[in-house]
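Subject: Structure for you to look at

Hello,

Here is the structure I said I would pass on. My notes on two of the helices and on a pocket follow below.

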Amino acid sequence: MDKIRIAIVVSEFNKEITYKMLDLAKEYTYKQNDVTLRYVCYVSGCYDMPLIINELLKRRDVDAVITLGAIIKGETKHDELIANSVAKSFIDLSLKYCKPVILGISGPDITLQQARDRVEIISSRTVFAAVSMARRLKKLKMQRSGLSRSTKVIV
């Protein structure tokens with residue numbers, strides 16, 4: 001099977017968190033022989049991600065997009081509004097292009113310390129999810145095209 005080609009979109013807002021997430025995600029990506037990191041795109045904040053993701057998903061050299069961000073609780077419910085809007089747009093884009101968009105955003109309703117505590121787990125899980133989903137989709141497409149006669153269980 002071909003290499004899995006991923007892109008990462010990272011928020012510059014709360015960069016003391018998100019840049020650590022990016023460093024770890026890149027490290028996890030580079031440790032895998034059959035994965036290549038094609039693009040790293042920076043955006044101002046999580047709310048700005050969908051536009052860049054849309055452009056990345058149009059590209060033939062991108063199999064999955066990982067998002068990295070931290071939406072910290074403030075004095076209002078602004079964090080909930082942003083998180084809900086962004087998550088919905090990721091689902092819509094994933095379905096539109098039939099490519100995974102992996103939610104690697106901590107929050108809403110978390111403190112700065114809780115976001116710090118989740119840096120490593122979010123970074124590793126997003127890479128794992130992007131790679132495994134892209135592989136599964138490729139297998140399904142191969143089976144649909146008749147190129148594969150293997151068992152119909154996709155893992």
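The buried residues of α3 pack against α2 (49-57), β3, β4 (101-102) and β5 (105-110). Please keep in mind that this is a predicted model. The buried set in α3 consists of Asp79, Ile82, Ala83, Val86, Ser89, Phe90, Leu93, Ser94 and Tyr97. Viewed down the helix axis, these residues fall within an arc of 140°, so they line one face of α3. The face turned away from that buried side carries Leu81, Asn84, Leu95 and Lys96, which are exposed. The length of α3 agrees with expectation: 20 residues at 1.5 Å a residue should span 28 Å, and the end C-alpha atoms are 29 Å apart. Just after α3, Cys98 has a positive phi of about 55°.

Helix α1 (residues 15-30) reads in a similar format. Its buried residues are Ile17, Thr18, Met21, Leu22, Ala25, Tyr28 and Thr29. They lie within an arc of 130° seen down the axis of α1, so they line one face of the helix. Lys20 and Tyr30 are exposed on the other side of α1. The buried residues of α1 pack against β1 (4-11), β2 (35-43), β3, α4 (112-117) and α5 (119-144).

As for the pocket, the largest one has a volume of about 270 Å³. It is lined by 16 residues, of which Phe13, Ile71, Ile72, His78 and Ile82 are the closest to its centre. Both β3 (64-72) and α3 (78-97) supply at least two residues of the lining. By type, the lining divides into 7 nonpolar, 6 polar and 3 charged residues.

Regards

Methods:
Residues numbered from 1 in each chain as written. Predicted model: local features only at pLDDT ≥ 70, side-chain atom pairs only at ≥ 80, totals over all residues. Heavy atoms only, no water. 1 Å grid on protein atoms, 1.4 Å probe; cavity = no way out; pocket = protein on both sides within 12 Å on 5 of 7 lines; lining within 4 Å. Points joined across faces, edges and corners; volume = space filled by probe spheres on them. Helix = DSSP H or I, 4+ residues; strand = E, 2+ residues; numbered from the N terminus. Nonpolar A, V, L, I, M, F, W, Y, C, P; charged D, E, K, R; others polar. Buried < 20%, exposed > 50% of the residue type's maximum accessible area, 1.4 Å probe, protein only. Arc of directions from axis to C-beta. Contact = heavy atoms within 4.5 Å. Expected span 1.5 Å × (residues − 1).
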